[in-house]
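Welcome, and please open your viewer for a short walk. Have your selection tool ready, and we will go stop by stop.

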Amino acid sequence: MRRRIARRYAAERRFRWLGLGAIVLSAAFLFFLIITMVMQGAAGFLETRVQLPIDFRAAELNVTPEQLRGDRGDLALAGAGLEGVVDAAAGAAFPTAGGAELLSDGAWLRVRNAVKANPALLRQQVVIDVPVNSDVDMAFKRAGTPAAERIVSAMGDRLSSGLNHDFFGGADSSDPTRVGIWGALKGSLLTMLVTLLIAFPVGVLSALYLEEYAPRNRWTDLIEVSINNLAAVPSIIFGLLGLAVFLNTFGLPRSAPIVGGLTLALMTMPVIVIAGRNAIKAVPPSIRDAALGVGASPVQVVFHHVLPLALPGILTGTIIGMARALGETAPLLMIGMRAFIAAPPEGLTDPATVLPVQIFLWSDEVARGFVEKTSAAIIVLLVFLLAMNGLAIYLRNRFETRW
Amino acid sequence: MSVGALFFVVIVLGLIGWFVGRARAIALRSSRTGRFSALPGHHGWFVALWTTLPPLLFLAIWFFVSPAMVTDAVIATPQAASLPPTGFERSAILSEARNLARGEAFGAFHDLSEVLAPAYAAAQRRFDWIATALAAILAFAGFAFSYLRVRPQFGARTAVERIVMLLLLGASLIAILTTFGIVASLLFESARFFSIVPLIDFLFGTHWSPQVIDPRDPGANLGAVPLFWGTFFIGAVIAMLVAIPFGLMSAIYLTQYAKLSTRRWIKPLLEVLAGVPTVVYGYFAALTVAPAVRDFAVMIGIRWASSESALAAGLVMGVMIIPFVSSIADDSLAAVPSSMRDGSLAMGATPSETIRKVLVPAALPGIVGGVLLAVSRAIGETMIVVMAASGVATLTLNPFASTTTVTKQIVDLLTGEAEFDSAKTLAAFALGLTLFVITLLLNIVALIVVKRYREAYD
């Protein structure tokens with residue numbers, strides 16, 4: 001008898017440990033994922049610079065300070081052959097380390113900006129920090145090819161590390177030292193703007209209709225069934241819809257934020273409707289009865305009383321739906337947002353890409369330098385999602401009323 | 001003006017309409033005695049809605065219809081006579097011309113696009129003028145109509161509310177419209193596909209290699225059985241082998257064992273797992289999990305293990321689904337009345353015996369329904385398999401071999417540079433239709449399971 005009890009208690013403990021183990025393992029996976037991304041991605045925000053001595057007096061750049069003012073400065077310096085001057089200076093300064101090959105393709109742009117900021121440099125001999133190429137960058141940060149490692153040890157303290165500002169201001173590029181996420185981020189923001197402007201009003205209005213006014217009949221059932229069903233349709237199907245309807249039937253521009261936003265809006269709308277209906281359901285009937293009792297019309301009851309009270313719940317659902325849309329990749333691949341876009345979009349119909357798609361594109365690149373950039377972009381995306389979810393939780397805790 | 005600019009103009013007109021209508025109502029009320037049947041604000045809303053809604057409706061339709069009309073107008077011009085008849089090049093030239101006309105591009109591959117660009121710009125200008133004129137006419141007609149109705153006896157509130165109800169109804173019809181759009185576009189493109197490839201070949205053929213399609217027998221290389229198997233193997237077998245035990249056990253621990261304070265912070269932690277974008281999981285699967293799985297396979301003696309194995313994609317997908325299974329199991333377990341649990345414990349059963357023999361059986365319909373929903377979600381999941389699974393379709397039971405899925409193939413088929421009408425791109429829609437039908441059936445079955453087999457304990 002006692003042995004049997006001991007056995008049963010042992011089974012009880014084992015079961016309990018199994019449950020705890022399941023949770024711990026799931027959480028461990030999450031931490032492992034995040035730590036992997038942070039470890040790899042942290043270096044993606046940094047760049048390696050080398051001190052490049054340039055003697056502008058010897059370089060004979062035919063540029064007057066007047067030409068450098070305003071927007072024409074870029075063209076004037078490029079036309080005067082600044083890139084060649086920088087390459088020559090690198091060749092003279094690092095003869096053993098590959099000369100101009102040592103520098104990133106975008107190194108001369110850094111010199112250009114320095115000159116534009118201070119035209120007096122053109123009459124001096126100066127030392128400017130410029131980014132190095134991807135191989136040396138990798139070798140300096142972690143480990144690289146043997147050749148690059150040799151260069152790093154030979155260069156010694158002339159190399160330094162610094163925050164890569166271009167990463168936050170640039171767009172896609174074929175050179176990993178020059179890529180930036182601003183283009184993709186701006187595309188994401190424009191796309192989300194369209195999604196929000198369409199999905200939020202339509203979602204809230206349908207939730208109000210279904211919950212407050214809809215008569216019980218076959219049509220209402222059909223609407224409800226299709227909303228619940230749309231919430232469960234795989235996202236890639238929405239991409240096929242966007243491709244077939246928006247692009248092929250209506251001829252809207254490919255890769256444009258407006259089409260991406262429309263597609264994601266159709267996907268997000270059911271989420272908002274379902275969250276909205278739950279929030280509206282939670283408003284007690286006594287509020288409606290009281291408003292009706294003092295002579296409000298059904299529309300006034302809803303828009304003056306029910307909607308404001310349900311709004312925190314609706315907003316929470318909307319933010320969660322938008323967070324999901326922000327992380328969505330597959331439908332946007334279908335409507336052509338995977339193109340190589342080297343400039344941030346200027347409007348809703350410009351070709352653009354979005355952050356998750358940019359991550360996907362970079363993960364496909366062969367060059368090793370893209371690994372850390374991909375992880376860095378993932379960190380940025382996760383930070384945005386975390387902020388949105390945090391906002392949703394805050395709204396829920398701050399404004400939700402328990403009746 | 002462009003549609004976007006017109007949109008803002010109409011909104012401003014509506015605002016003006018609101019003030020004008022309200023001012024007129026106030027003026028009428030102060031000048032006359034007698035009963036006024038609505039507040040000035042209602043009259044304002046009445047005028048504003050009538051001023052904005054007709055042109056906005058027109059602009060929404062125009063936004064979708066006008067690009068095709070502009071293109072047709074360009075094709076009708078004499079310059080377009082030398083366009084190639086159909087296919088990829090024609091659309092490439094047209095889109096280049098459009099970009100040139102909009103000032104988004106500065107050079108073109110095709111000389112013809114340079115010729116067509118001015119025609120494009122002219123057509124665009126003409127259609128923009130038409131849109132501006134029509135929107136203005138509609139706005140002023142609506143304004144005049146509603147302004148003249150602002151009278152003391154007019155029940156503006158009832159009229160406004162009737163319009164609002166119509167708006168609400170219209171908003172909820174968009175859901176039906178979307179469903180209809182999905183079904184119609186999938187069916188239409190699939191019908192075109194099945195007019196090229198026999199349905200039997202597609203559904204029961206066991207050879208899938210769309211890269212080379214023999215025009216005499218297109219069905220020979222478009223048999224989708226390996227895809228269906230791969231999807232089932234990754235999404236419904238491997239992923240569920242991870243998600244069901246982990247999800248169920250964590251739900252059991254959270255509902256039955258954990259203290260309330262522990263539960264409060266572990267539950268959101270699990271939900272974070274569901275909030276991570278799938279592209280991140282995909283990257284993680286391809287970068288970290290897949291090489292580890294291959295090394296493991298090599299270690300246990302499988303030499304030809306693929307680095308794009310079904311196991312890697314399935315494992316990560318399973319982790320993604322854990323919170324989904326967990327939250328559904330959580331709800332089902334919580335719905336079992338506590339009297340059953342208390343009864344079992346009072347009879348001397350240990351908590352684990354109670355859970356295994358009483359709670360889980362009682363909650364089983366809900367759990368099974370949840371698992372079916374999880375399967376439907378796993379087989380529709382795209383990015384993990386696009387990044388971690390291979391593109392080679394094989395019929396295999398070996399989790400270390402490479403397999404491909406329906407969603408992965410849809411992406412591969414549609415992101416190539418093929419022209420739109422080929423059997424290759426249309427196949428993507430046939431696959432999409434299959435996916436849509438299967439997920440729909442799974443959802444319906446899940447609902448039926450939950451409804452029919454739930455035992456009523458009250």
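Is Glu83(A) buried, partly exposed or exposed? Keep in mind as you look that this is a predicted model. Select Glu83(A): its relative accessible area is 38%, and because partly exposed covers the range between under 20% (buried) and over 50% (exposed), Glu83(A) counts as partly exposed.

Stay with this residue and show its helix. Glu83(A) belongs to helix H4 of chain A, which spans residues 82-93. Now add Asp87(A), Glu101(A) and Asp105(A) to your selection: together with Glu83(A), they form a patch of negative charge on the surface.

Next, switch to the opposite charge. Select Arg13(A), Arg14(A), Arg356(B) and Lys357(B), and you will have a surface patch of positive charge in view. Colour by chain here, as the patch has members from chain A and chain B. Two helices each contribute at least two of its residues: helix H1 (2-42) of chain A and helix H12 (351-380) of chain B. To pick out one of them, click on Arg13(A), which sits in helix H1 of chain A.

For the last stop, zoom out and select chain B as a whole. In cartoon view, look for 15 helices and zero strands. Turn chain B along its principal axes, and its C-alpha atoms fill a box of roughly 85 × 70 × 40 Å. How does the radius of gyration of chain B compare with that of a compact globule of 458 residues? Chain B has 31 Å, whereas such a globule would have a value near 23 Å. Finally, colour by accessibility: 49% of the 458 residues of chain B count as buried.

How values were computed: Residues are numbered from 1 along each chain as its sequence is written. Chains are lettered from A and ligands numbered from 1 in the order in which they are written. This is a predicted model: local features need pLDDT of at least 70, side-chain atom pairs count only at pLDDT 80 or more; totals for chains, interfaces and linings use all residues. Side-chain values use heavy atoms; hydrogens and water are left out. Patches are made of residues with over 30% relative accessible area and no salt bridge: like charges are joined within 9 Å, nonpolar side chains (Val, Leu, Ile, Met, Phe, Trp, Tyr) within 5 Å. Accessible areas come from the Shrake-Rupley method with a 1.4 Å probe; for residues, only the protein chains shown count as cover. A salt bridge is a side-chain nitrogen of Lys or Arg within 4 Å of a carboxyl oxygen of Asp or Glu. Lys and Arg count as positive and Asp and Glu as negative; His and the chain ends are not counted. The place of a charge is taken as NZ of Lys, CZ of Arg, CG of Asp or CD of Glu. Helices (H or I, at least four residues) and strands (E, at least two) are DSSP runs, numbered from the N terminus. Buried means under 20% relative accessible area, exposed over 50%, partly exposed in between (1.4 Å probe, protein chains only). The radius of gyration is taken over C-alpha atoms; the globule rule is 2.2 Å times the number of residues to the power 0.38.
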